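Good morning, colleagues. Please look at the model on the screen while I go through it.

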Amino acid sequence: MSSLDFEVEKAAFRNYYNDNAQRLEQAKMAFLTLLSSLLAHGDHVVAATGRIKDREESIKKFTRKYQEALEKSRTPYC
């Protein structure tokens, strides 16, 4: 349930991230495997890499890019 309380939403995001970190990593690896397979037939791309953004860095980026506008418009975090 989304709310207007950023601290509540940060805690919920941290819990979600902790509970799903392994799945996120598995999804990244599956995507890179598929991408590498598709690129194997070309001559221009040598390698593909990926990462899962750190939990706290994700929160910092959200704060920087979206928090002010959402709070100003009183839009629930979702």
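I shall take the two helices in turn, then some individual residues, and finally the largest pocket.

First, the conventions. The model is predicted, with local features requiring pLDDT of at least 70 and side-chain atom pairs counted only at pLDDT 80 or more, while totals for chains, interfaces and linings use all residues. Residues are numbered from 1 along each chain as its sequence is written, and side-chain values use heavy atoms, with hydrogens and water left out.

Let me begin with helix 1, residues 6–39. Helices here are DSSP runs of H or I with at least four residues, strands are runs of E with at least two, and both are numbered from the N terminus. At the start of helix 1, a side-chain oxygen of D5 comes to within 3.0 Å of the backbone nitrogen of E7. A polar contact is a pair of N or O atoms within 3.5 Å; within protein, one must be able to donate a hydrogen and the other to accept it, and residues adjacent in sequence count only if both atoms are side-chain atoms.

How far does helix 1 span between its end C-alpha atoms? The span is only 41 Å, whereas a straight helix of 34 residues would cover 50 Å at 1.5 Å a residue. The expected span is 1.5 Å times one less than the number of residues. Helix 1 also has a bend of about 60° at N20, the bend at a residue being the angle between axes fitted to the seven residues ending there and the seven starting there.

N20 is itself buried, as are F6, E9, K10, Y17, K28 and L32 of helix 1. Buried means under 20% relative accessible area, exposed over 50%, and partly exposed in between, with a 1.4 Å probe and protein chains only. Helix 2 is included in what covers these buried residues; contact means heavy atoms within 4.5 Å.

K28 merits a remark. This lysine counts as buried because its relative accessibility is 16%. Residues up to four places away in sequence aside, K28 touches G50, R51 and I52.

I turn now to helix 2, residues 55–73. At its N-terminal end, D54 acts as the cap, with a side-chain oxygen 3.1 Å from the backbone nitrogen of E56. The 19 residues of helix 2 should span 27 Å at 1.5 Å a residue, and the end C-alpha atoms are 26 Å apart, so the two values agree. Helix 2 nevertheless has a kink of about 55°, centred on Y66. S58, I59 and Q67 are buried in this helix, and its buried residues pack against helix 1.

Three residues of helix 2 deserve individual attention. R55 belongs to this helix and is partly exposed, with a relative accessible area of 23%. Beyond its neighbours within four places in sequence, R55 contacts F13, R14, Y17 and N18. The C-alpha atoms of R55 and N18 are 8.4 Å apart, although 37 residues separate them along the chain.

L70 also lies in helix 2. Setting aside neighbours within four places in sequence, L70 is in contact with F62, T75 and Y77. L70 and L4 are 66 residues apart in sequence, yet their C-alpha atoms are 8.6 Å apart.

K72, likewise in helix 2, counts as exposed because its relative accessibility is 73%.

What follows helix 2? The residue there is R74, whose phi is positive, near 55°, although R74 is not a glycine. R74 counts as exposed, its relative accessibility being 60%. Between the C-alpha atoms of R74 and L4 the distance is 6.9 Å, with their positions 70 residues apart in sequence.

Finally, the largest pocket. It holds about 370 Å³ of space. Among the 15 residues of its lining, E9, F13, F62, Y77 and C78 are the closest to its centre. Helix 1 and helix 2 are the elements that each give two or more residues to that lining. On a 1 Å grid over the protein atoms alone, a pocket is an open set of points where a 1.4 Å probe fits, with protein on both sides within 12 Å along at least five of seven lines; lining residues have an atom within 4 Å of a point. Grid points are joined across faces, edges and corners, and the volume is the space filled by probe spheres set on the points.
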